[in-house]
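Visitor: I would like to understand how helix packing is put into words. Please show me an example.

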Amino acid sequence: MKQILAVMTGGTIGSCCRHGVISVEGGRCRAIERYREVYGEDTVFTEVQPLNILSENLNKHHWEILVNFLLEQDLSAYDGILILHGSDTLSYTSAMLGLCLRHLAVPVVLTAADRIPDDPRSNAVCNIHAAVTVINRFSCGVFTVYRNSGEDFCSVYLPTLLQEADRVSGRFSSFDGTLFGKVTESGLTIGTEQLCPVREPCLLKEGRLHLANDVMMIRPYPSLLYAAIALPASVKAVLHITYHSGTTAEEALSLLKRCQAQGIDFYVTSVTGSALYETAALLLENGAVPIADLSNEAAYATLLLRYNP
């Protein structure tokens, strides 16, 4: 029988609803209980709760708590780690843990829910079942699983490829448009065995996560007020997201110049191609550093780790 460390962090999957308001306060996580009601005692869960927040309130210090808590555990007694998380920032935590926990000797699977576990429409139970299925299959690696609305399977994502859910449908997607695998009641199917994860070296030099320095991520929109953007001393890098064609307004150059004057590195997400729009070329010619082939979440997590050795 598999032994799984179930890590509760709050979110919808750990919430209850009172008087029409969903909250983590005063409730207990019913997701594992609901799983047992459906699948019985096929798995032994050891439940712990280092965090109890709605995931929209997530900040970098919560990542420190979560990662360092997991790194302090004796994992020799477990076959895997299940992390129950809120859906709003699931893609960001997936990217961070995908980088920080890739060296562990057990698989780590993150999941969330679209509704509280006691709602009969909730996907909490099937998502946990998918997570258990993945843990049963692999001996290492970090994954995220989630059943999108309207689908009869749970998608299995590599965590650094997971993108934020769509605001209208609540559907998650993969940065490269492909899935690592799918979980149905029949089991797990994966795209190719070549994608199967292997343990990689730990990125944390001191074996702990400490995020004292900040990375500021900026998303473009028409008439963005660049002059109103403050750059406190804790900011060591700016990650400027671009539009889908790798562009942003030429006014971004003013922010780049301010960053250079303050010794702040300036990064832009970019697209691969033989030609650049002149607004993109303007930033690169003036010292912006391109980041290609990474999701916004993975780029942000990568820079946070880079600027917090």
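Guide: What follows is about two helix pairs. The model is predicted, with local features needing pLDDT of at least 70 and side-chain atom pairs counting only at pLDDT 80 or more, while totals for chains, interfaces and linings use all residues. Residues are numbered from 1 along each chain as its sequence is written, and side-chain values use heavy atoms, leaving out hydrogens and water.

Visitor: What makes α3 oblique to α7?

Guide: The axes of α3 (residues 90–100) and α7 (residues 296–306) cross at roughly 50° and come within 8 Å. Angles under 35 degrees count as roughly parallel, over 145 as roughly antiparallel, 65 to 115 as roughly perpendicular, and the rest as oblique. Therefore α3 is oblique to α7. The crossing is right-handed.

Visitor: Which residues of α3 make the contact with α7?

Guide: On α3 they are S91, Y92, A95, M96, L99 and C100. Contact means heavy atoms within 4.5 Å. The α7 side includes Y300 and L304. By class, the contact of α3 with α7 has 10 nonpolar, 2 polar and 1 charged residues.

Visitor: Why is α2 called oblique to α3?

Guide: The axes of α2 (residues 60–71) and α3 come within 11 Å and cross at roughly 40°. That angle makes α2 oblique to α3. Here too, α2 passes α3 in a right-handed crossing.

Visitor: Which residues of α2 take part in the contact with α3?

Guide: W63, L66 and V67 of α2 meet Y92, T93, M96, L97 and C100 of α3. They divide into 7 nonpolar, 1 polar and no charged.

Note on methods. Axes are lines fitted to C-alpha atoms, for helices over the stretch in contact, and angles run from 0 to 180 degrees between N-to-C directions. Helices (H or I, at least four residues) and strands (E, at least two) are DSSP runs, numbered from the N terminus. A crossing is left-handed if the near helix is turned anticlockwise from the far one by less than a right angle, and right-handed if clockwise. Ala, Val, Leu, Ile, Met, Phe, Trp, Tyr, Cys and Pro count as nonpolar, Asp, Glu, Lys and Arg as charged, and the others, Gly among them, as polar.
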